[in-house]
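Please open the model in the viewer and keep the sequence panel at hand. The tour proceeds by selection, one stop after another.

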Amino acid sequence: ALANENQLNLLHYPVISISGMDDFNFMETAQYLFNEQSIPANLKIELTNDSHSWPDSSMLDNALGFLSFSCQKAEMDFRNDSQFNRFCRNQLARINSLKQQGDFLKATLVARNMALTKPFDIDTVFSFNYNSLKSNSNYVNQLSRLEKCIIYENSVRQPYIEAFRAKDTQWWEQEIKTNEEKIKTEKDSYTRDMYRRIKGFWGIVSYSLCKQAVNDHNVEGLNKILSVYKILEPENPDMIYFSAFTYFWNGNTETTVSTLKKALKAGFSDRSQLKKDFPESITSKF
């Protein structure tokens with residue numbers, strides 16, 4: 001997740017957003033890709049295909065190196081700093097590698113980060129690359145394809161939220177199946193990532209609506225959302241955890257305990273929340 005523009009403007013140091021292009025949170029970063037003037041001066045953007053996972057060591061190495069050098073004192077002699085020069089060569093190699101792979105969007109963002117940030121801006125090669133990439137037809141085409149996906153994605157989010165309450169399980173089963181097929185068969189990477197983000201969005205809406213139903217002690221509402229959540233993410237530890245409430249409310253202690261154990265085994269880790277939600281007669285069994 002990325003802080004909003006007002007929050008970023010309050011920070012007096014560089015911020016790097018490392019955003020997975022198929023992650024539902026990508027929308028928070030994507031807004032800055034289509035209007036350069038809207039990007040806060042301290043925000044640097046890196047894109048990955050790691051979804052909601054932690055970035056790999058190479059990406060973190062680049063980000064930490066960038067932050068380390070950009071936060072050094074301005075009076076330092078960077079031109080004669082071997083580590084600094086090696087870092088700059090590595091970033092230039094990244095840009096060239098991304099261009100060779102045909103990933104002009106990522107290459108442009110790396111070049112922008114370097115060209116518009118001290119002390120990297122002392123090397124005009126980054127400015128040259130950035131200006132050259134911005135006008136490259138491949139970059140323009142990729143940005144246009146991405147923008148079309150973002151516009152479509154924004155247009156379906158609210159209808160999907162309403163569908164959680166209005167549509168039955170059979171409708172959702174077909175919708176999820178269709179989306180999975182599109183993820184498998186779609187050849188355009190930007191469109192494929194969009195379908196993955198839509199799936200991730202369904203997951204976070206399922207979680208939010210389940211949590212709301214639990215807070216409201218809404219048995220019918222919880223069961224309706226769970227019927228979709230189970231199809232969408234059958235191994236999700238939060239989904240399994242929420243399932244325990246239907247048994248608990250019905251007084252079925254044995255199944256409540258076994259379901260909570262299953263949730264813990266699947267990866268549910270918020271034991272403090274578990275103790276808030278369930279009595280000691282149940283939590284003492286873990």
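Select F245 first: in this predicted model, F245 is buried, with a relative accessible area of 3%. That value falls under the 20% cut-off, and therefore F245 counts as buried.

Add Y241 to the selection. Y241 is likewise buried, with a relative accessible area of 3%. Both residues belong to helix 11 (residues 237–249), where they stand 4 residues apart, about one turn of the helix. How are the rings of Y241 and F245 placed, in distance and in angle? Their centres are 5.6 Å apart, with 85° between the planes, and the pair is edge-to-face.

Next, extend the selection to Y207, F242, F248, W249, F268 and F278. Together with Y241 and F245, these residues form a cluster linked by ring pairs. The count of aromatic pairs comes to 19.

For another of these pairs, select F69 and F87. The ring centres of F69 and F87 lie 5.6 Å apart and the planes meet at 45°, so this pair is tilted. F69 sits in helix 3 (residues 57–70) and F87 in helix 4 (residues 82–100); the two are 18 residues apart, and the pair links distant parts of the chain. F69 and F87 are both buried.

Finally, select the whole protein chain. Its secondary structure comprises 14 helices and 2 strands, and the C-alpha trace spans about 70 × 40 × 30 Å along its principal axes. Of the 286 residues, 44% are buried. The accessible surface amounts to about 15,700 Å², and 48% of that surface belongs to carbon and sulfur atoms.

Technical notes:
Residues numbered from 1 in each chain as written. Predicted model: local features only at pLDDT ≥ 70, side-chain atom pairs only at ≥ 80, totals over all residues. Heavy atoms only, no water. Phe/Tyr/Trp six-rings, centres within 6.5 Å; stacked < 30°, edge-to-face > 60°. Buried < 20%, exposed > 50% of the residue type's maximum accessible area, 1.4 Å probe, protein only. Areas by Shrake-Rupley, 256 points an atom, 1.4 Å probe, with all protein chains shown as cover.
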